[in-house]
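Here are my notes from going through this model, written as numbered points. Have the structure open alongside as you read.

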Amino acid sequence: MARDIASIARTLGGRVVEGRLDAGMPVDSAVALDDFSVVGHPAFATLVIAPAAALTAALSSSDGRAESLRGAVVVSQTENAALLRALERTGTTAIVGTVPADDVLEPVLAALLAVDQAAEDRAVTSAMKVLTLAARRGGVSGVVAELAHRIDGWAVLLDRHGQVITSAGAGALHVQDAMAVALSRPVRVRHRALQVHVVGSGEDLSARLVVSPRTESSSRARELGSQAAALLDLVLRTDDPTRTERLGRAVMIDALLAGGPSAVSLLRQWGVHESSLTAFALTARSTSVELERLVSHWLDELGAAHILTERHGVVTGFLRDDQVDAVAARVEAYSSAIFLGVGDPATTDALAGSAAEAGQAVESARAEGRRVVRYRAIPTIELVLDRLADEDAVRVARLLDPLRDIGGRHGELTETLRVFLAENGAWGAAADRLGVHRQTLTSRIHRIEALLGLSLADADDRTSAWLALRALGESARPSARS
């Protein structure tokens, strides 16, 4: 981080005389009084060095340079009454009583700031290497997310028309501020430290990057934002066929989860003619593991179709029933900690249940530190269900009767409950999976709680609801109980 006025004073053994500038303002340059003309950047302090008498005379002048000097920080070894009176009269900030003499202050400060700048440059270079890697792995979203982390703040990327491309940190909460400052709209902005970096130039402008570092004046954040904008320009202008492929797979997985004859038809077009498939969910302890690429490599080795997608750090997909053991063996043997959840086989027109089971199993695997967990092997579910008589299972499932629609069928509300529990109460993930706004999901959950007399914030109530859903599923299978 750049040195501020207070840290410079401590290093020089002097004291700060408070004035117009805050002692926490970062310093970017130091010059002798004879070489000074104007302050270089309003967000950074310029140190002006001279003997006390020369500074007193300059501050008492009425020319333009004197006014600029009052916006700088004057530095002198000597601390006398005349200088202090001039500082108080003009409101100028100063560092006085330094240990180094006036004639060596300039080289001492130049060396100090040079070392600091070199450290800043190394930090920026290191950060850009990580941002470049983020661009390769996560594209535009990866760059913006990593940038927000590096500046300890938030970032918003807007297209040339001011529409949001992506945001990170708390950026989603400050989109209006970002749009106002990027498009120069006459709107009051709550954040004073917003920086705007143009992505592209002139007629080739493709986006605007707005960043807000936690520290109001940060040279590192400004430099990183500028270089990130150049990187984003390259990423936005580079065609990425893998991105299109991932988007296509995500849409197709959604179609499979919707079920019905269209799902079966889609699988046949995909080259999959099996009557049943098994869902899997895979996640990793470390974000450095490229899960989607890893699973795709395994599927190539098995000659299997790439029926998978990655969302929120979890790869979800479907395998032929006879391929599950081979994938599980690879997970067990993998060097890094990765976790696999496996659902029960399901017919290709009703794969959503198996996918939910895989999601539950992978969460169990991650919580228990087990590499592979099969849903059927989770004892707390099967121990209860396997010991229920048919009539008891029906009684448990009746808990959900208030969710039936006017025709007596389980529909939207039951599915909302199932997805919400399968996603462990993660509002964002559940809303995305259901294809609804979070506010819509919130309204549905409140209605479900009112109808069932349960609170989904309570662990016992969540368990009761999930057991009822499982019992409902078991009773719906023709061969579930004999």
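1. Thr 93 and Ile 95 point one way from strand β5 (residues 93-96), while Ala 94 and Val 96 point the other way. All of these are buried. Keep in mind throughout that this is a predicted model.

2. Now the partners of β5. Strand β1 (residues 15-17) pairs with β5 in the antiparallel sense over three bridges, and Val 16 has Ile 95 as its bridge partner there. Strand β4 (residues 73-76) runs parallel to β5 and is joined to it by four bridges; in that pairing Ser 76 stands opposite Val 96. If you trace the chain here, β4, helix α4 (residues 81-90) and β5 form a β-α-β unit, and a right-handed one.

3. Next, have a look at Glu 146, which sits in helix α5 (residues 102-150). Is Glu 146 buried or exposed? Its relative accessibility is 18%, and the cut-off for buried is under 20%, so Glu 146 counts as buried. Leaving out residues up to four places away in sequence, Glu 146 touches Val 130, Leu 131 and Ala 134.

4. Asp 152 is worth a glance too. Asp 152 is in the loop between α5 and β6 and has a positive phi of about 55 degrees, although it is not a glycine. For context, most residues other than glycine have a negative phi. With a relative accessible area of 41%, Asp 152 is partly exposed.

5. On to the four-stranded sheet. This is an open sheet in the order β7-β6-β9-β8, and the pairing is antiparallel. The edges are taken by β7 (164-168) and β8 (195-199), each of which pairs on one side only. Ignoring direction, neighbouring strands here are turned by 15 degrees against each other on average.

6. Within that sheet, β8 pairs with strand β9 (residues 207-213) in the antiparallel sense, over five bridges. To find the register, start from Val 198: its bridge partner in β9 is Arg 208. Helix α6 (residues 175-182) lies across β6 (153-159), β7, β8 and β9, and runs at about 60 degrees to β6.

7. There is also an open sheet of five strands, in the order β11-β12-β10-β13-β14, and here the pairing is mixed. Why is one side of β11 and of β14 left without a neighbour in the sheet? Because β11 (308-311) and β14 (372-374) stand at the edges, each with a single partner strand. Neighbouring strands of the five-stranded sheet are turned by 20 degrees against each other on average, direction ignored.

8. Inside the five-stranded sheet, strand β10 (residues 276-284) and strand β12 (residues 314-319) run antiparallel and are joined by six bridges. Thr 283 stands opposite Val 314 in β12.

9. Which residues touch the most other members of the largest nonpolar core? This core has 46 residues, and the ones in question are Leu 256, Ile 307, Phe 318, Leu 400 and Leu 417. Helix α18 (residues 459-476) gives the most to this core, with six residues. A second, separate core has 24 residues, among them Met 128, Val 143, Ala 148 and Ala 229.

10. Leu 256 deserves a closer look. Not counting residues up to four places away in sequence, Leu 256 touches Ala 263, Leu 266, Leu 267, Trp 270, Ile 307, Phe 318 and Leu 351.

11. In helix α16 (residues 427-434), the buried residues are Ala 429, Ala 430 and Ala 431. They pack against α15 (412-422) and α17 (438-452). Just after α16, Gly 435 takes a positive phi of about 75 degrees.

12. Finally, the packing of α15 on α17. Their axes are 10 Å apart and the packing angle is about 105 degrees. Angles of 65 to 115 degrees count as roughly perpendicular, so α15 and α17 are roughly perpendicular to each other. On the α15 side the contact is made by Glu 412, Leu 413, Thr 416, Leu 417 and Phe 420. The α17 side brings Leu 441, Arg 444, Ile 445, Arg 447, Ile 448, Leu 451 and Leu 452. Leu 417 also appears among the residues that touch the most other members of the 46-residue core.

Methods. Residues numbered from 1 in each chain as written. Predicted model: local features only at pLDDT ≥ 70, side-chain atom pairs only at ≥ 80, totals over all residues. Heavy atoms only, no water. Pairing = 2+ DSSP bridges. Helix = DSSP H or I, 4+ residues; strand = E, 2+ residues; numbered from the N terminus. Axes fitted to C-alpha atoms, helices over the stretch in contact; angles between N-to-C directions. Contact = heavy atoms within 4.5 Å. Core = buried A, V, L, I, M, F, W, Y, C linked by side-chain atoms within 4.5 Å. Buried < 20%, exposed > 50% of the residue type's maximum accessible area, 1.4 Å probe, protein only. Right-handed = clockwise from strand over helix to strand, strands pointing away. Parallel < 35°, antiparallel > 145°, perpendicular 65-115°, else oblique.
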